[in-house]
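Let's take a walk through this fold together, one piece at a time. Keep the viewer open as you read.

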Amino acid sequence: MNTRILLLKIKLCAGIGIKSEYRFYQWMIDRYKIIPDNINISAEEIAEILMLNKNNSKTFINSYNSDKLNSVLNHHINHVKWLTILDDIYPECLKESYMPPIVLFYFGDLELLKTKNLAIVGSRNNTEYSVRIIKSIMPDLVNHHITIISGLAKGVDRLAHLAAISCGGRTIAVIGTGLDKYYPKENEELQRTIAKKDLLISEYPVGVTPAKHHFPERNRIIAGLASSILVTEAKYRSGSLITANLALQNNRNILSVPGRIDSVLSVGCNELISAGAKPVLTSKDILEEYYY
């Protein structure tokens with residue numbers, strides 16, 4: 001079987017998760033060094049390579065060999081845009097990050113993956129402070145051709161995407177559902193706009209609905225794609241801090257907007273600064289990471 005299609009088929013299977021998918025990619029590297037265009041391998045052999053337990057192995061093998069999966073596979077091959085970790089366009093920075101996805105599904109302009117970028121993340125329940133900060137820094141970022149990455153959630157994510165678009169800039173949204181699902185529902189119009197004019201990315205096949213574990217998984221992709229990451233408002237132990245910590249593990253630049261010490265939504269940001277993140281007072285503090 002064509003190796004790219006094999007990776008897609010494994011991605012579509014039941015019985016395994018993102019760790020097992022990446023383990024198979026690692027096995028290919030160890031086994032072949034230079035991965036061939038075609039690999040002949042059975043579901044049973046894959047299950048053994050992945051060291052699946054009895055129940056997961058049975059689920060995976062049955063799924064891999066089912067007519068239903070072949071139908072879903074054909075649909076994705078013929079009607080969905082996708083790329084694999086083997087493709088030249090796949091970002092090297094993501095490939096070298098923590099547990100990169102073996103397959104990404106997308107709508108839009110993949111050339112944005114080659115641009116300078118900044119991830120902006122923060123609270124889903126932001127205050128007017130994040131609104132003012134993002135509006136103040138965005139014109140300079142756009143004028144310096146920096147693509148804005150975020151997760152298309154409510155709150156700061158939505159603000160970041162909208163600000164980039166309103167300033168005439170480009171944006172990449174990494175979502176935690178299939179490309180045909182909208183979560184939260186209020187972002188449907190924004191998601192459609194990004195898919196048409198910018199870049200919408202997911203590691204989940206079409207039809208996949210939101211699940212709690214999808215969003216930490218989504219965060220690692222944001223952290224892997226971004227060269228720098230800015231946190232505007234974040235509670236203690238928030239999802240935004242998880243993304244920042246993942247980015248730190250990937251040797252990315254961590255930037256944080258300082259806030260009032262008595263503000264719950266500034267606790268995370270202030271702690272990042274205390275731990276060594278660069279405080280952002282103006283857009284120049286961000287641009288220094290790229291141009292100075």
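**Starting at the sheet**

L255 stands opposite K278 in β9. Keep in mind that what you're looking at is a predicted model. The L255 side of that pairing belongs to strand β8, residues 253–256, and two bridges join β8 to β9, with the two strands running parallel.

Now zoom out to the sheet that these strands belong to. It is an open sheet of nine strands, ordered β1-β2-β6-β5-β4-β3-β7-β8-β9, and the pairing is mixed. At its edges stand β1 (82–84) and β9 (278–279); each has a single partner strand, so one side of each is left without a neighbour in the sheet.

Next, follow the order inwards to β6. Four bridges tie β2 to β6, and that pair runs antiparallel. G108 is the residue that stands opposite L199 of β6. Three bridges join β5 to β6, and here the strands run parallel. L199 turns up again in this pairing, as the bridge partner of I172. As for the faces of β6, both are covered: L199 and I201 are buried on one side, and L200 and S202 are buried on the other.

From β6, move to helix α9. Its buried residues are E188, L190, Q191, I194 and A195. Why do they line one face of the helix? Looking down the axis of α9, you'd find the buried residues within an arc of 160°, so they line one face. What covers them includes β2 (103–108), α8 (156–166), β5 and β6 (199–202). On the other side of α9, E189, K196 and K197 are exposed.

Time for the rings. Searching the whole structure turns up six aromatic pairs. One of them is W27 with Y32: the ring centres are 5.9 Å apart and the planes sit at 85°, so this pair is edge-to-face. W27 counts as partly exposed because its relative accessibility is 22%, and Y32 is also partly exposed, at 25%. Together with F24, W27 and Y32 form one aromatic cluster.

Y183 and F215 make another pair, with ring centres 5.6 Å apart and planes at 40°, so this one is tilted. Y183 lies in the loop between β5 (171–174) and α9 (188–197), while F215 is in helix α10 (residues 214–225), so the pair ties together parts that are 32 residues apart in sequence. How exposed or buried are the two partners? Y183 is partly exposed, with a relative accessible area of 45%, whereas F215 is buried at 14%.

F215 has a charged visitor too: the charged end of R124 sits over its ring, 5.9 Å from the centre. You'll find a similar arrangement with a lysine, where K9 lies over the face of Y64, at 4.0 Å from the ring centre.

Finally, the cysteines. How many disulfides does a search of the whole structure find? The search finds zero. Two cysteines are still worth a click: C167 counts as partly exposed because its relative accessibility is 34%, while C269 is buried, with a relative accessible area of 0%.

Methods
Residues are numbered from 1 along each chain as its sequence is written. This is a predicted model: local features need pLDDT of at least 70, side-chain atom pairs count only at pLDDT 80 or more; totals for chains, interfaces and linings use all residues. Side-chain values use heavy atoms; hydrogens and water are left out. A disulfide is a pair of cysteine sulfur atoms within 2.5 Å. Buried means under 20% relative accessible area, exposed over 50%, partly exposed in between (1.4 Å probe, protein chains only). Rings of Phe, Tyr and Trp (its six-membered ring) pair if their centres lie within 6.5 Å; planes under 30 degrees apart count as stacked, over 60 as edge-to-face and the rest as tilted. A charge sits over a ring if NZ of Lys or CZ of Arg is within 6 Å of the ring centre and within 35 degrees of the ring normal. The arc is that of the directions from the helix axis to the C-beta atoms. Contact means heavy atoms within 4.5 Å. Two strands pair if DSSP finds at least two bridges between them.
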